Amino acid sequence: MFPVTSPQSSQDWQDYYQLRWQVLRAPWHQPRGSEQDDLEQESEHRYIKNNEGEVLAVARLHFNNHLQAQVRYMAVDESHRGQHLGSRLLHELEKIAWTQDAQELVLFARERALAFYERHGYQVLEKAHLAYGDVQHWKMVKQKPSEPGWFRHPDWTQVLQDTWRESIPISDAMGIKVESYTDWQFATKADLKANLNLHNSMFAGSVYSMATLTGWGATYLALKEHNLAGDIVLADANIKYLKPLTTAPGATVTLSECEGELSELESAGKARYTVPVNVYDGDVLVAKFCGEFVIIAK
């Protein structure tokens, strides 16, 4: 996965603006230079480029005032769409805004991008300007979520967190929290002090429980994405412990690695969903878990 970075060299900046112009201005016969404005120097710029140095996606953030930030110039190269590049850039810009105490984000989306931003928690506020005579824009806003990483559907994430606390008491005792939910990953964290054994490492049972809850949460969110609901139970699982966990417990699910036909819930009243979970100590992989969850229609 190519990293999200900032342009540094003169060539970086040329390539960054080239893609911005190529996607957002050239199709409407606008000249080079029209892809920039007066706020370039005081904005946060992010882009993604591949190993050959080709820029794949760009985006910018600036502050309108100390409480409101704005996303602008989001562009993804046409041949690299569908790879979550726009989502990753948006996630990065949101983290910058929230950590600098912005209370809301605003953007002006083209009509074809409305569904993309709505999936990420933005709401249409009003019809805005018409660009180049035929490109309708809509003003969209997103309020700061309870946690900076609650990027995609933060309302679902809040319900999941509340469900854990109210219905699965062990999650609260272990300090397990949703860390992030994006287009490509679901991640959790836990309180190490609440899970220490006599060796000052995390209990193996706590590692297993954290992985199970992370897989359960990923299954819950997958059902929400398919507009489905059911009772989720763990039917089978295996785990491989690689190293002791001694500092920062975290677990992740790469969503593209999950397998199962959730649509069978409607046709058969039951579905199976296989969820691989990696458990980390900071950035170090310490356990690999794979859970098979059964969903039963209510």
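## Exercises on a two-domain model

Over residues 3-145 the chain is 25% helix and 36% strand, with the end C-alpha atoms 24 Å apart; helices (H or I, at least four residues) and strands (E, at least two) are DSSP runs, numbered from the N terminus. This is a predicted model, where local features need pLDDT of at least 70, side-chain atom pairs count only at pLDDT 80 or more, and totals for chains, interfaces and linings use all residues. Residues are numbered from 1 along each chain as its sequence is written, and side-chain values use heavy atoms, leaving out hydrogens and water.

**Exercise 1.** Find how the chain is divided and how far apart the domain centres lie.

*Solution.* Start with the bounds, which come from an automatic or database domain assignment: domain 1 covers 4-143 and domain 2 covers 154-297. Next, take the C-alpha centres of domain 1 and domain 2, which lie 32 Å apart. Then look at the contact (heavy atoms within 4.5 Å): eight residues come from domain 1 and four residues from domain 2.

**Exercise 2.** Work out how much area domain 1 and domain 2 bury between them, and which three residues of domain 1 supply most.

*Solution.* Use buried area, the accessible area (1.4 Å probe) that two parts lose on being put together, summed over both. Domain 1 and domain 2 bury about 520 Å², 67% of it on carbon and sulfur atoms. Now turn to domain 1: His 84, Arg 88 and His 91 supply 60% of the area that it buries against domain 2, more than any other three residues.

**Exercise 3.** Locate the salt bridge of Asp 12 and place its partners in the chain.

*Solution.* Apply the criterion: a side-chain nitrogen of Lys or Arg within 4 Å of a carboxyl oxygen of Asp or Glu. Asp 12 pairs with Lys 49, the closest N and O atoms being 3.2 Å apart. Finally, place both: Asp 12 is in helix H1 (residues 10-24) and Lys 49 in strand E2 (residues 44-49), 37 residues apart.
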